[in-house]
Amino acid sequence: MDTPIYRQALGADFRRLQPELQEYFSLAPGSGSFGVGEGVFEVVGCRQRWLRPVLRLTAGEQAFFPEYGEGVPFRIENHAHLDPFGRSSLTARREIFFPARTRIFQDTTSVEAGGAGGRSRLVDYVGRYRRLVTDLNLGVTAEGRLRGVSEVSRLFLGPLRLPLPAALDAKAYAEQWWDPAVGEAGRHRIQVKVIQPQLGLVLVYAGHFDYRLEPYPPGTSSAGFLPAYARPDRWERRS
């Protein structure tokens with residue numbers, strides 16, 4: 001339970017990550033700390049103007065948004081915790097500071113049994129209502145970068161479980177690494193592209209950030225603690 005979820009999912013490959021990435025992905029429930037990243041996205045949002053009105057309709061889900069910008073500041077908080085169903089999880093809450101408004105993009109990644117090779121698998125619940133769910137397929141590059149691809153998405157609408165067919169499903173391709181050449185002492189870098197077969201590039205964000213750990217207030221370091229502002233409006237148990 002106190003093993004970080006990315007270590008559970010990667011197994012021995014976790015040690016192949018760059019040391020800075022191992023530290024970043026080592027938050028565990030009950031550690032008494034949460035992670036804070038602050039930086040700049042060189043690019044972020046939806047590049048296709050014709051698609052932005054559609055994304056505006058779904059912006060309240062806090063999963064996609066219609067804006068696009070360059071040189072946009074952002075902040076991310078990572079909280080390791082047990083979800084209400086006892087699964088070890090990592091909730092990420094991103095604030096993206098566009099000139100006209102701030103957008104929230106949030107998700108919770110939970111660990112479950114049944115991954116390839118006897119490893120645990122990661123299931124990602126996206127948005128404030130956690131209605132969009134996808135499996136994460138992780139790997140480590142020869143350079144020690146973390147790569148992830150979302151697989152087999154489904155929607156949970158009330159009692160309905162709706163698997164998305166391949167023709168409609170959007171896949172997220174993510175890569176994160178430590179770049180010693182950025183800043184005075186190096187910085188984290190991340191690049192994510194969400195591609196839908198019929199629509200093309202739906203969302204992109206790429207940038208760099210500094211990262212630190214901060215302590216929770218006294219008396220709030222239990223394994224199940226998650227600050228109220230980081231909690232979703234709805235939890236989903238099904239995967």
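A charge is said to sit over a ring if NZ of Lys or CZ of Arg is within 6 Å of the ring centre and within 35 degrees of the ring normal. In the predicted model described here, the charged end of Arg94 sits over the ring of Phe105, at 4.7 Å from the centre of that ring. A further arrangement of this kind involves Arg145, whose charged end sits over the ring of Trp177, 4.1 Å from its centre.

Phe105 also belongs to a wider aromatic arrangement, since ring pairs link it with Tyr6, Tyr24, Phe25, Phe41, Phe74, Tyr205, Phe209 and Tyr211 into a cluster. Across the whole structure, a search finds twelve aromatic pairs. For the rings of Phe41 and Phe74, the centres are 3.8 Å apart and the planes lie at 10°, an angle under the 30 degrees that counts as stacked, and the pair is therefore described as stacked. Because Phe41 lies in strand E1 (residues 33–45) and Phe74 in strand E2 (residues 68–82), this pair ties together parts that are 33 residues apart in sequence. Both rings belong to buried residues, with a relative accessible area of 3% for Phe41 and of 6% for Phe74.

The strands that carry these two residues are themselves paired, E1 and E2 running in the antiparallel sense over ten bridges, and within this pairing Val43 stands opposite Glu70 in E2. Strand E2 is mostly covered, eleven of its 15 residues being buried. E2 also pairs with strand E3 (residues 88–97), again in the antiparallel sense, over nine bridges, with His81 standing opposite Ser89 in E3. A hairpin is formed by E2 and E3, with five residues between them, and Gly86 in the turn has a positive phi of about 90°.

Val36, which lies in strand E1, counts as buried at 0% relative accessibility. When its neighbours within four places in sequence are left aside, Val36 is in contact with Arg75, Ile76, Glu77, Asp210, Tyr211, Arg212 and Glu214. Among these, Asp210 is 174 residues away from Val36 along the chain, yet the C-alpha atoms of the two residues are separated by 8.2 Å.

In soluble globular proteins, nonpolar side chains tend to be buried together. In this model the largest nonpolar core has 39 residues, and those with the most contacts inside it are Tyr6, Val44, Ile96, Leu146 and Tyr205. Tyr6, which is also one of the members of the aromatic cluster, touches Phe14, Phe25, Leu90, Thr109, Leu122, Leu138 and Leu146, residues up to four places away in sequence not being counted.

A further set of antiparallel pairings involves strands E5, E6 and E7. Strand E5 (residues 121–126) and strand E6 (residues 132–140) pair over five bridges, and the partner of Val123 in E6 is Asp135. The hairpin of E5 and E6 has five residues between the strands, and in it Gly127 takes a positive phi near 95°. Strand E6 is in turn joined by eight bridges to strand E7 (residues 146–157), the two running antiparallel; here Val140 has Leu146 of E7 as its bridge partner. The hairpin of E6 and E7 likewise has five residues between the strands, with Gly144 taking a positive phi near 90°.

Positive phi values are also found at residues that are not glycines. Val152, placed in strand E7, has a positive phi of about 50° and is exposed, with a relative accessible area of 52%. Gln62, by contrast, is placed in the loop between helix H3 (52–57) and E2; it has a positive phi of about 60°, and at 18% relative accessibility Gln62 counts as buried.

Arg145, noted above for its position over the ring of Trp177, also takes part in a polar contact of 2.6 Å that joins its side chain to that of Glu175. Glu175 is placed in strand E9 (residues 171–179) and, at 14% relative accessibility, counts as buried. Apart from neighbours within four places in sequence, the residues in contact with Glu175 are Arg145, Leu146, Arg147, Arg189, Ile190 and Gln191. One of these, Leu146, is among the residues with the most contacts inside the largest nonpolar core and is also the bridge partner of Val140 in the pairing of E6 with E7.

Notes: Residues numbered from 1 in each chain as written. Predicted model: local features only at pLDDT ≥ 70, side-chain atom pairs only at ≥ 80, totals over all residues. Heavy atoms only, no water. Phe/Tyr/Trp six-rings, centres within 6.5 Å; stacked < 30°, edge-to-face > 60°. Helix = DSSP H or I, 4+ residues; strand = E, 2+ residues; numbered from the N terminus. Buried < 20%, exposed > 50% of the residue type's maximum accessible area, 1.4 Å probe, protein only. Core = buried A, V, L, I, M, F, W, Y, C linked by side-chain atoms within 4.5 Å. Contact = heavy atoms within 4.5 Å. Pairing = 2+ DSSP bridges. Polar contact = N/O pair within 3.5 Å; in protein donor to acceptor, adjacent residues only side chain to side chain.
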